[in-house]
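Good morning, and thank you for coming. I would like to take you through one structure today, beginning inside one chain and ending at an interface.

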Amino acid sequence: MIRELHNKLISGEITAVDLTKKYLKTIEEKESEFGAYLTLMEESALKEAEIVDEKIKRGETIDLLAGIPGAIKDNICIAGVRTTAGSKILDNYIAPYDATVIKKLKSVDAIFLGKTNLDEFAMGSSTENSAYQKTKNPLDVTRVPGGSSGGSAASVAGGEAVFALGSDTGGSIRQPASFCGLVGLKPTYGRVSRYGLIAMASSFDQIGPFGTSVEDVAIVFSRLVGHDTMDATSAESGNNKPFEEYLTGDIKGLTIGVPKEYFSEKLDPRVRKVTDEALNRFKKLGANVKEISLSYSKYALPVYYIIVLSEVSSNLARFDGIKYGLSINDDENSSEETTTLLETYLDTRRIGFGEEVKRRIMLGTYVLSAGYYDAYYLKAQKVRALIKKDFENAFKDVDMIFSPTTPEPAFHFGEKVDDPLMMYLSDIYTVTANLAGVPALSFPMGTIQEDGKNLPIGGQLMGKWFDEETILRTADTFERSYNGEILEK
Amino acid sequence: MLTQEEVQHIALLARVGIREDEREKYQKSLSSVLDFFHELEMVDTGDVAPIGHITGSENRARADMFIDADQGEKDGIRKNVPEMQDGFVRVKSVF
């Protein structure tokens with residue numbers, strides 16, 4: 001879609017201003033139903049679009065992404081724009097600087113339509129934990145869009161943006177992509193700078209793109225990567241060839257691993273059927289399929305949550321009512337006996353944070369406390385090493401690993417929100433990629449019929465560290481074959 | 001199962017105020033998540049070294065140089081501060 005729009009822009013068939021207006025109009029018409037955005041940036045978007053039109057008029061070469069309207073998850077800072085992370089504690093926070101990914105997108109003249117809804121501080125799998133609003137799944141508004149990047153996914157699926165940025169700590173890009181019929185990429189840990197992303201769990205968080213096609217995701221991704229002095233965990237990008245140029249439509253001879261642990265008897269037979277069909281398609285396209293074992297993956301969820309909770313309790317200590325955000329400083333709203341600084345902390349955080357956030361901060365504080373550290377955090381980091389070893393062994397024999405992205409299609413509102421453990425289980429297939437640090441992509445692999453509707457479900461490809469090329473190429477080949485553009489053998 | 005006193009103590013350590021009538025709710029939900037973690041006791045991690053950085057990146061330091069923020073950024077930071085006095089951030093007394 002991006003390439004097509006780009007061609008129309010440079011040929012003069014459409015202008016960037018008209019394109020932006022078209023998306024703003026869809027937002028105006030659909031937003032009351034979908035609830036994808038928390039803040040709209042109408043004025044600056046049109047200004048940015050005018051600049052692109054002037055450049056085209058002057059005959060300047062513009063980037064593929066120039067003039068293309070996108071949406072940004074509201075835990076990524078844009079200078080001068082309200083950035084809430086979906087929390088009341090940041091209700092009045094105006095970001096003083098641009099995240100590195102925003103600087104990079106601005107440098108290629110991408111357009112920002114607004115900031116999208118998310119579970120508070122990206123903690124959740126349905127966007128129901130947002131302190132602001134519920135976001136609906138545009139494909140069936142009685143269902144959740146997934147989470148935590150549910151607003152970003154809904155904006156693209158609902159035609160309210162061409163692409164969107166999300167963040168993925170345990171599946172927060174891939175799971176909503178699966179639920180909304182989109183492509184979503186979680187890059188290798190370190191591929192994309194986290195500077196300006198409001199941290200949830202720093203050793204897992206990665207920013208990545210949503211799009212309606214693999215090529216769109218590759219185009220946006222190419223413009224996000226690279227080492228950044230502001231993020232010491234970011235990596236050198238290696239080669240400079242844009243990822244969209246790897247999409248050859250040829251996957252002959254590649255080997256796709258299928259972990260036997262992911263296909264237990266408990267797997268929904270409808271999901272199994274779609275997954276088997278996808279594997280058959282890969283085979284027809286010339287790939288080899290091989291069963292592998294990720295024997296420690298059954299421990300992935302407890303390991304993931306122990307580390308997440310620990311990092312959350314540490315990262316969210318900064319929201320203290322002193323430097324920015326909500327500050328409860330009066331005795332009227334206090335439920336504490338003291339009148340010291342401690343009172344400000346306790347009251348601000350009691351009122352400013354939602355329930356799941358408080359629960360995670362307390363759990364993280366507990367598992368890191370003296371006497372429990374070894375049993376929980378240290379133990380989890382050791383099992384994480386074993387999980388990584390599983391992946392290293394698997395990648396000796398296969399080029400990538402395939403599974404469903406989610407154990408089910410989009411669920412209804414309220415189905416899991418009262419039971420944190422149930423909600424955690426929606427991440428069963430996605431968390432291991434974050435634990436191992438490998439790149440992982442979700443793409444629409446088929447549909448499942450429920451209540452007379454065809455609901456999309458995503459397939460997940462996990463690649464070797466820093467080898468996003470192969471999973472993008474494979475998913476693109478699948479997509480083009482699914483659409484009838486490439487013929488199978 | 002955690003006791004309600006433990007929940008109250010954790011909340012204080014975490015600097016999260018919770019009301020007395022919320023203690024039971026947190027007691028239940030925190031305990032159920034902690035129970036879920038006990039599975040890990042079954043894994044033998046005898047001589048396994050814990051993960052530091054997942055892609056094996058070593059400590060990296062930037063040049064020890066002062067980088068000044070532009071005025072807009074500085075103003076933006078100050079504007080977000082709930083209470084300021086004479087250019088300083090004002091807080092309640094510590095004791």
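The buried residues of helix H4 of chain A are covered by, among other parts, four strands of that chain: E2 (69–73), E3 (111–116), E4 (163–168) and E6 (206–211). Please keep in mind that this is a predicted model. Which residues of H4 are buried? In this helix, which spans residues 100–107 of chain A, they are Thr100(A), Val101(A), Ile102(A) and Leu105(A). As a general point, an α-helix has 3.6 residues a turn, so residues three or four places apart point the same way. Just after H4(A), the backbone at Asp109(A) adopts a positive phi of about 65 degrees.

I turn now to the interface of the two chains. Here 68 residues of chain A are in contact with 49 residues of chain B. Together the chains bury about 5,200 Å², and carbon and sulfur atoms account for 70% of that area. On the side of chain B, Leu40(B), Ile54(B) and Lys92(B) supply 14% of the area it buries against chain A, more than any other three residues.

Lys92(B) also forms a salt bridge with Glu343(A), with 2.6 Å between the closest N and O atoms. Three salt bridges are found across this interface, and 14 residue pairs are in polar contact.

Which elements of chain B give two or more residues to the side that touches chain A? They are helices H1 (4–13), H2 (23–36) and H3 (71–79). The largest share, eight residues, comes from H2(B). By type, this side of chain B comprises 29 nonpolar, 10 polar and 10 charged residues.

Methods:
Residues numbered from 1 in each chain as written. Chains lettered and ligands numbered in written order. Predicted model: local features only at pLDDT ≥ 70, side-chain atom pairs only at ≥ 80, totals over all residues. Heavy atoms only, no water. Buried < 20%, exposed > 50% of the residue type's maximum accessible area, 1.4 Å probe, protein only. Contact = heavy atoms within 4.5 Å. Buried area = accessible area lost by both parts, 1.4 Å probe. Salt bridge = Lys/Arg side-chain N within 4 Å of Asp/Glu carboxyl O. Polar contact = N/O pair within 3.5 Å; in protein donor to acceptor, adjacent residues only side chain to side chain. Nonpolar A, V, L, I, M, F, W, Y, C, P; charged D, E, K, R; others polar.
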